[in-house]
Structure formats: C-alpha cells, structure tokens
Amino acid sequence: VGVFFRPVEKINAVLETYPKGIAGFRRYTELLDTEPDITDAPDAIAVTSLKGDIRYEHVSFGYGGGRTVLSDISLEIKAGETVAFVGPSGAGKTTICSLLPRFYEADGGRITIDGIDIRQMTLASLRGQIGIVQQDVFLFAGTLRENIAYGRLGASEADILEAARRAKLDAVIAGLPAGLDTVVGERGVKLSGGQKQRLAIARIFLKNPPILILDEATSALDTETERAIQQSLAELSVGRTTLTIAHRLATIRNADRIVVVDTTGIAEQGRHQDLVAAGGIYRRLHEAQAGIQQAS
Ligand code: ATP
C-alpha cells in the first residue's frame, strides 16, 4: 500500500496524517537518503484561492533505479470534479496523486493547476491548496483543540468549533472529560480509528483547500463507522476537486469519473455503468470485489 511521505518539516503544510509501521519507516529513511530536495524556483509565485482545474500533461515518473512507474500520463480533472483512481496494487495510483503536492518531481511532462505549472508555485502555497486524508492520522501530544487547529494555525475558536461540527466531531467532544481541552495522543485520551478520521476531516474543513486527496482506508473501521466517515468525506469533497485512491465500491460508484490505472498507465476511464458495460479491466476488478463482498 502506497503512502505519501516527506520529512516531517516538509509535511506540515499539507499532510494531515502519518504513515505507520515498518513499511512507512523504511520508506522514510529511503527518502532521506535518496530523494533530491524539491525546492522553490527562484521566480516561484505564491498561489491563493485556486479553482482546482488540474491537468497532467504527458507526465512520466520513476522512483529511480531505472524503473518507470508512470509513462506519458495525460489527464484532465475539472474544478470540483471527483475522480476515483482504481487498479491493481502497485499500478501507480498513489504515485499519480503524490506528484500533485510535489512530494516527487515528474521526470517528464508537466502538471498544471488552473493553467499554472506547479513548479512555478511556491511549495508552501501549492500545499496550502491541497488537503490530504490518509488512513493513519497524525496526532501530536496536546489538546484536541490544538490538534484540530493544526489544519490552520491561528484559527479562531469559532472556526475550530465550526470545523468540528462539520466533521461531526462535536458528539465526540461532548463525550470527552474536558471537551476540546482534553489531552489526546500517547499520554492522553486515546481516540478510536473513526474519531481520528473525523479529526483529520475537521482539520481540512478548517484549512478549506480547493483540492482534496483521499487515500482511502483499506481496513480497520467497522462497517457502520466506515459508512459514517464516507458520508463526512463526501460532504468534505463538495465543491473541491477530489482525487481518491479508491478501494471501496461505494466510493468508486459515487465518483464523477473512475480512472483505471494499470501497469501500462491509464487503461480506461468513465462512469461506473459505462466501464462495466465496456467489459474491460474495470469490469473484472468490479466483479472480483463484488464477489469478495458477497462472500464476507
Ligand atoms: P496500492 O493500491 O497498493 O496503494 P498503487 O497503485 O497506489 O498501489 P503506488 O504506491 O503508486 O501504487 O506504487 C507504484 C510502484 O512504485 C510500485 O511498484 C511501488 O513498489 C513503487 N513505489 C511506490 N512508492 C515508492 C517509493 N517511495 N520508492 C520506490 N518505489 C516506490
């Protein structure tokens, strides 16, 4: 399973979450060793209030070592559109999404937002326009209030409460001993997986970026919590250009467009019904997943 990752000081601006476990750690150290620094161009501009029209133009990319992961990918995503990336593990779904905040630099081609090459934007301003939700949510030692405000440092109390309400975190807050002032994390109250997801969603409501990347959870939540979180994510994505690395049928079906990625690149794209009717890779993936769901 792919994870976005950058050294800690670089992720502040954008990443709401943190990879866990040995795989994440290994990738972290690999990156520190091998990833060349991605920095601002001398004439980079600070972007604000982008609409969120995204274009990948003939983008190629490899992590090094000679293997190409993305070869000549072209893709247009309209402002406000929700696109679900599906395909076999290792096909490059995560990679496509991680090029957008410039966690990695494309080797060829370019990516634009609202017609501006992302390399012409300052990193901080680019990442300020993108919210990311991953399955492992990064909590730091501190109060719930501080953890939500991480979405936008210096946010007012009213804005924090509003973000919490929209993420349906208010019921959670009401049940905590000291409400928003409850200390969470290692030394404080342990939040459940679903509560952490709500926290990540609240951070993004507060940040209010025009672009959203959802790296969908592959496991961990029970069905009811999962459904409730899906609902909140759907509300979060309203009015934002949303790229989802999708694993669940429900998410995929609700997308404006499904982009099927396989080792050859973008194999198919379209709406659920059209892709099922086309009888290609998507149909096979869909039938396989539907089979698993029926069996369990
Ligand atoms: P999954 O559904 O399992 O998350 P994916 O479609 O998102 O898969 P990616 O994570 O984008 O696939 O991986 C594409 C290819 O790039 C894989 O072969 C993977 O092993 C490789 N890869 C991913 N991240 C790195 C990295 N940080 N360093 C080197 N290779 C990587």
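Mentor: Angles under 35 degrees between helix axes count as roughly parallel, and those over 145 degrees as roughly antiparallel. The model we shall discuss is a predicted one.

Trainee: How are α8 and helix α9 oriented to each other, roughly parallel or roughly antiparallel?

Mentor: Two packed helices are described by the angle between their axes and the distance between the axes. Here α8 and helix α9 (residues 223-237) pack with their axes 10 Å apart, at an angle of about 5 degrees. That angle falls under the limit of 35 degrees, and α8 and α9 are therefore roughly parallel.

Trainee: Which residues of α9 meet α8?

Mentor: From α8, the contact takes in Gly 194, Gln 197, Arg 198, Ile 201, Ile 204 and Phe 205. By class, the contact of the two helices has six nonpolar, four polar and one charged residues. On the α9 side, the residues met are Thr 225, Ile 229, Ser 232, Leu 233 and Leu 236.

Trainee: How far apart are the end C-alpha atoms of helix α8, and what span should its 15 residues have?

Mentor: Helix α8 covers residues 193-207. The expected span is 1.5 Å times one less than the number of residues, so the 15 residues should span 21 Å. The distance between the end C-alpha atoms agrees with this, at 21 Å.

Trainee: How many of the 15 residues of α8 are buried?

Mentor: A residue is buried if 20 or more other C-beta atoms lie within 10 Å of its own. Across the chain, 39% of the 296 residues are buried. Helix α8 is largely enclosed by the rest of the structure, because its buried residues number 13 of the 15.

Trainee: Which element gives the largest share of the largest nonpolar core?

Mentor: Nonpolar side chains tend to be buried together in soluble globular proteins. The largest nonpolar core here has 71 residues, of which Phe 85, Ile 148, Ile 201, Ala 202 and Ile 258 touch the most other members. Its largest share is seven residues, and these come from α8.

Trainee: Beyond its neighbours within four places in sequence, with which residues is Ala 202 in contact?

Mentor: Ala 202 is among the core residues that touch the most other members. One of its contacts, Ile 148, is another residue in that group. With neighbours within four places left aside, the full list is Ile 148, Gly 151, Ala 163, Ala 164, Ala 167 and Leu 169.

Trainee: Is Leu 191 buried or exposed?

Mentor: Leu 191 is placed in the loop between β8 (183-184) and α8. Neighbours within four places aside, its contacts are Leu 139, Val 184, Lys 196 and Leu 199. Since 21 C-beta neighbours lie inside 10 Å, and the limit is 20 or more, Leu 191 counts as buried.

Trainee: Which residue follows α8, and what is its phi?

Mentor: The residue is Asn 208, found in the loop between α8 and β9 (211-215). With 15 C-beta neighbours inside 10 Å, Asn 208 counts as partly exposed. Most residues other than glycine have a negative phi. Asn 208, which is not a glycine, has a positive phi of about 55 degrees.

Trainee: Where does His 58 lie, and is it buried or exposed?

Mentor: His 58 has its place in strand β1 (residues 54-61). Its phi is positive, near 50 degrees, although it is a residue other than glycine. It has 12 other C-beta atoms within 10 Å, and the limit for this class is 12 or fewer, so His 58 is exposed.

Trainee: Which residues does Gly 109 touch, not counting those up to four places away in sequence?

Mentor: Gly 109 lies in strand β4 (residues 108-113). With 18 other C-beta atoms within 10 Å, Gly 109 is partly exposed. The residues it touches are Glu 57, His 58, Val 59 and Ser 60.

Trainee: What distance separates the C-alpha atoms of Ile 113 and Arg 55?

Mentor: Ile 113 is found in strand β4 and is buried, with 24 other C-beta atoms within 10 Å. Its contacts, beyond neighbours within four places, include Asp 53 and Ile 54. Ile 113 and Arg 55 are 58 residues apart along the chain, and their C-alpha atoms are separated by 6.5 Å.

Definitions and conventions. Residues are numbered from 1 along each chain as its sequence is written. This is a predicted model: local features need pLDDT of at least 70, side-chain atom pairs count only at pLDDT 80 or more; totals for chains, interfaces and linings use all residues. Helices (H or I, at least four residues) and strands (E, at least two) are DSSP runs, numbered from the N terminus. Axes are lines fitted to C-alpha atoms, for helices over the stretch in contact, and angles run from 0 to 180 degrees between N-to-C directions. Angles under 35 degrees count as roughly parallel, over 145 as roughly antiparallel, 65 to 115 as roughly perpendicular and the rest as oblique. Two residues are in contact if their C-beta atoms, placed from the backbone, lie within 7 Å. Ala, Val, Leu, Ile, Met, Phe, Trp, Tyr, Cys and Pro count as nonpolar, Asp, Glu, Lys and Arg as charged, and the others, Gly among them, as polar. A nonpolar core is a set of buried Ala, Val, Leu, Ile, Met, Phe, Trp, Tyr and Cys residues joined through C-beta atoms within 7 Å.
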